[in-house]
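Student: I have a structure open before me and would like to learn how to read it. Could we go through it together, one feature at a time?

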Amino acid sequence: MRAFYHPDQALHDPQQYMRYGRINPPKDVPVRTTRLLEALATRGIVPDLPGESPDARLAVHTQGFLEYLETAWDRWVELPEHGPEVWPNTFPYWSGRPEDPSRPPCPAESIVARTGWYLGDLSVSLGPLSWTSIRRSCDTAVAAADAVIAGEAAAYALCRPSGHHARADRASGFCFVNNTAVAAARLRTKFPRVAVLDVDAHHGDGTQQIFYDREDVLTISVHADPRNYYPFFTGYVDERGTGDGGGCNLNLPLAHGSGADAMFEAIDAGCSRIRAYAASAVVVALGFDAHVRDPIGVLRLESADFAGVGARVRALGLPTVVVQEGGYAIDAIGDCLTSFLTGFDGTT
Ligand SMILES: [Zn+2]
């Protein structure tokens, strides 16, 4: 499988995030990319460098949000006694319901206000080099989609930072630009019906929101039950899409403590839906935080189980873009990727 990655994606180096009322060390650390690159190397895969595709981001995000991400650091350091990272301390009221339309641009000029408007929680701090990594991560997803559009059967985008929690106008959950959604929108320039299959342990709430009223992109997410797990407010079975997109969203929450059997059963249900939808291409949002040793995980997959995920994706027989999402067990994610690719290639 061809792969794509840009070394600038390792520059984003968050220093903190809030969990259970305490500032924690970051989980999306740059070494994640090293472990995933090592896994590719063991299979003889050398990733290609992506080109720059700034316009691709506008297919799924608002201009105001993208301008904020690009300029936030420069404006932040103009604040007197500013902290080491762009971090919100105020949030506008917002219901979180998936059928809510995107908001207007932030009405206030203040960088403090804009940070509260566009950064949805305390896990998306921005440092001086974050924007460079964010746009390169998106470029990587675009390059993988373009390779499939050009005729490759499958391509892997080693994206970091991740994207599936990013909504049209809001970053959250370690995610800034929604790489998976950008890849799906890109595929739509060739393929009439695109499916997104999200197997990250967290609900792909951003991807769901972006395509919630569209019938040309089917969004499916397999994830840990959100009643007591991030992103909490969405990811429930009654969220099925709205308007033209009615019936084009499927959430498959798993009980906490679930292992491979439950995960595979849900993925099989998702794949049945993709076949019934007659998708012409698929984007896999591939997270490894369902691993039993993930530090913020609640599911119980072993590294080898991801081969079963890859095999099921391959069995769809569709042009496939695989976009890297989460996975924070540093000593396991390389094995997870190796297993996924092994299962996908049918070499087990
Ligand atoms: Zn996740």
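Student: Among contacts in the chain between residues at least 6 apart in sequence, what percentage join residues at least 24 apart?

Tutor: Please keep in mind that this is a predicted model. Among those contacts, 78% join residues at least 24 apart in sequence.

Student: How many helices and strands are there in the chain?

Tutor: The chain has ten helices and nine strands. Its radius of gyration is 18 Å, close to the 20 Å that the globule rule gives for 348 residues, so the chain is as compact as a globular protein of that length. The C-alpha trace spans about 60 × 45 × 40 Å along its principal axes, and buried residues make up 58% of the 348 residues.

Student: Which residues coordinate the zinc ion?

Tutor: To read a metal site, one looks for the donor atoms and then for their places in the chain. Here the zinc ion is coordinated by Asp200 through OD, His202 through ND1 and Asp289 through OD, at 1.9 to 2.1 Å, and the spacing of these donor residues in sequence is D-x1-H-x86-D. Asp200 lies in the loop between strand E5 (194–198) and helix H7 (205–211), while Asp289 lies in the loop between strand E8 (281–286) and helix H9 (306–315), so that the pair, 89 residues apart, links distant parts of the chain.

Student: Are Asp200 and Asp289 buried or exposed?

Tutor: A residue counts as buried when its relative accessible area is under 20%. Asp200, with a relative accessible area of 1%, is therefore buried, and Asp289, with a value of 0%, is buried as well.

How values were computed. Residues numbered from 1 in each chain as written. Predicted model: local features only at pLDDT ≥ 70, side-chain atom pairs only at ≥ 80, totals over all residues. Heavy atoms only, no water. Helix = DSSP H or I, 4+ residues; strand = E, 2+ residues; numbered from the N terminus. Rg over C-alpha atoms; globule rule 2.2 N^0.38 Å. Buried < 20%, exposed > 50% of the residue type's maximum accessible area, 1.4 Å probe, protein only. Contact = heavy atoms within 4.5 Å. Donors = N, O, S within 2.8 Å, 3.2 Å for Na, K, Ca; no water.
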